[in-house]
Amino acid sequence: MNCRYSRRYYFIPAAVCTVGEGGTRLSTAFAAASGAEMCQRHILCPGGRIIHGRNDMDPIIQVEHVSKIFGEKDRRVDAVNDVSFEVERGDIFGIIGLSGAGKSTLVRCLNLLERPTSGRVLIDGTDLAGLSARELRQRRQNIGMIFQHFNLLMQRNVTDNICFPMEIAGVKKQDAKKRAAELLQIVGLEEKAKAYPAQLSGGQKQRVAIARVLANNPAILLCDEATSALDPQTTKSILALLKQINEEYGITIVVITHEMSVVQQICRHVAVLDHGRLEESGTVEELFRSPKTEAARRLIISGTEQISRMRGKRTIRVTFSNHTAFEPIIGNITLEFKTPVNILYADTKTINGNAEGEMILQLPESQEIADRMIQYIRDRNLGVEELKNYV
Ligand SMILES: Nc1ncnc2c1ncn2[C@@H]1O[C@H](COP(=O)(O)OP(=O)(O)O)[C@@H](O)[C@H]1O
Ligand SMILES: [Mg+2]
């Protein structure tokens, strides 16, 4: 399909673009009512804003068999090894893995700060490797990046930090200042316009970095461990800001992290990276309920310290959600088998608006009773898996 908007930046008002059949109808109705121009996929509103009117998979990032090798022979490091995945437009996509898994290398391959040794990356259907240096620079303005250590210019105040990318892009000084003031409002830092980075907290510095990256109206925002230097409360507020930006401006966000809690707070889809390989990917709920690989399980339960005390015991992880029939499962098991189970850990998290619970249980010594207990839980459609090799 030919469309003259298909290479442009999409602006998705949250009220218009909803998921599912209704979303398309709503977009179409909105377009018709406001006299917008439209094709099958994009809608140009009278104000010049383009919205995205289709709800089927529309990848903005396609990673195809990407590998990145550093060094040679005996010092060779396969930092990224034959990784393929796609990120839907408008998604918040997590890439999770332990330190050294290859996350930063992979994310730098997305904007070609790192050239893949093999494979290719398509951004909005274009292979960046085929662009001239000038075209690549232009394209990169469409891909913002924020980091763990904020990377602010220490000699410039907050406003001048935010104006910096606009200066480079040739925006008039006065216009840049006006835009910087708007951006500061979006990130909730109006009162710090004249402060210097050294006078700001970590969370405030990251807000400035986010305002600065928004100055170029990026379609994609890459966040490499953006909250790893922040305390849990500040992390929450920065993740909430990123989510708000995703919803209000339709910016696709890729979140690189080693923390499952970050993925659970904002991502819709996630890929697990381990030793440079993509181990599994899917929705965050799928990963939480039934991780398929050892690497994923390790990441999921790494936050639960109690597990380190379970050496040698038979333990299981049970997951349940508000879609699962509610019954007092532990109480019923104890009644049914006349044997108590030990709850080592229990928690409920909200993932994409759903309450998702997990429990880690220590089962009785008897193999036969333990097996029957597992079957009992399985029969009630709860997620259950044995935890081995983690302690
Ligand atoms: N420029 C480089 N030269 C050589 N090795 C590198 C380079 N960058 C990263 N590596 C290696 O690649 C592997 C993955 O690193 P990285 O992508 O930074 O992982 P992560 O971000 O998941 O911690 C590590 O073994 C690291 O030492
Ligand atoms: Mg890294």
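These are my notebook entries on a predicted model of one protein chain with a bound ligand.

**Ground rules.** I number residues from 1 along each chain as its sequence is written, and chains are lettered from A and ligands numbered from 1 in the order in which they are written. Since I am working with a predicted model, local features need pLDDT of at least 70 and side-chain atom pairs count only at pLDDT 80 or more, while totals for chains, interfaces and linings use all residues.

**Overview.** I looked up the secondary structure and found twelve helices and 17 strands. These are DSSP runs numbered from the N terminus: helices are H or I with at least four residues, strands are E with at least two. Buried residues come to 37% of the 391 in the chain. Buried stands for 20 or more other C-beta atoms within 10 Å of a residue's own, exposed for 12 or fewer, and partly exposed for in between, with C-beta atoms placed from the backbone. Next I checked contacts, that is, C-beta atoms placed from the backbone that lie within 7 Å. Of those between residues at least 6 apart in sequence, 67% join residues at least 24 apart.

**Ligand 1.** Which residues surround ligand 1? I list Phe 70, Gly 71, Val 77, Ala 79, Gly 97, Ser 99, Gly 100, Ala 101, Gly 102, Lys 103, Ser 104 and Thr 105. The criterion is a C-beta atom, placed from the backbone, within 6 Å of the molecule. Helix α2 (103–110) and strand β5 (77–88) each supply at least two of them, and α2 gives the most, with three. By class I get four nonpolar, seven polar and one charged. Here Ala, Val, Leu, Ile, Met, Phe, Trp, Tyr, Cys and Pro count as nonpolar, Asp, Glu, Lys and Arg as charged, and the others, Gly among them, as polar.

**The β4–β5 hairpin.** I then followed β5 to its partner. Strand β4 (59–70) runs antiparallel to β5, with eight bridges between them; two strands pair if DSSP finds at least two bridges. Val 66 has Val 83 as its bridge partner in β5. Six residues separate the two strands of this hairpin, and Gly 71 in the turn has a positive phi of about 70°. Gly 71 also turns up in the list around ligand 1. β4 pairs with β7 (118–123) as well, antiparallel over five bridges, and there Val 63 is matched with Val 121.

**Helix α6.** I tested its length: 13 residues (202–214) at 1.5 Å a residue should span 18 Å, and the end C-alpha atoms are 18 Å apart, so the two agree. The expected span is 1.5 Å times one less than the number of residues. Ten of the 13 are buried, among them Arg 207, Ile 210 and Leu 214. The buried residues pack against β9, α4, α5, β10 and α7.

**Met 166.** This residue sits in α4. Buried or exposed? Met 166 is buried, because 20 other C-beta atoms lie within 10 Å. Leaving out residues up to four places away in sequence, Met 166 touches Val 171, Ala 176, Arg 179 and Ala 215. Ala 180 is 14 residues along and 9.3 Å away, C-alpha to C-alpha.

**A four-stranded sheet.** My last stop is an open antiparallel sheet in the order β15-β16-β14-β17. β15 (342–351) and β17 (383–387) stand at the edges with a single partner strand each, so one side of each has no neighbour in the sheet. β14 (315–321) and β17 pair over five bridges, and Thr 315 has Leu 387 as its partner.

Conventions. Contact = placed C-beta atoms within 7 Å.
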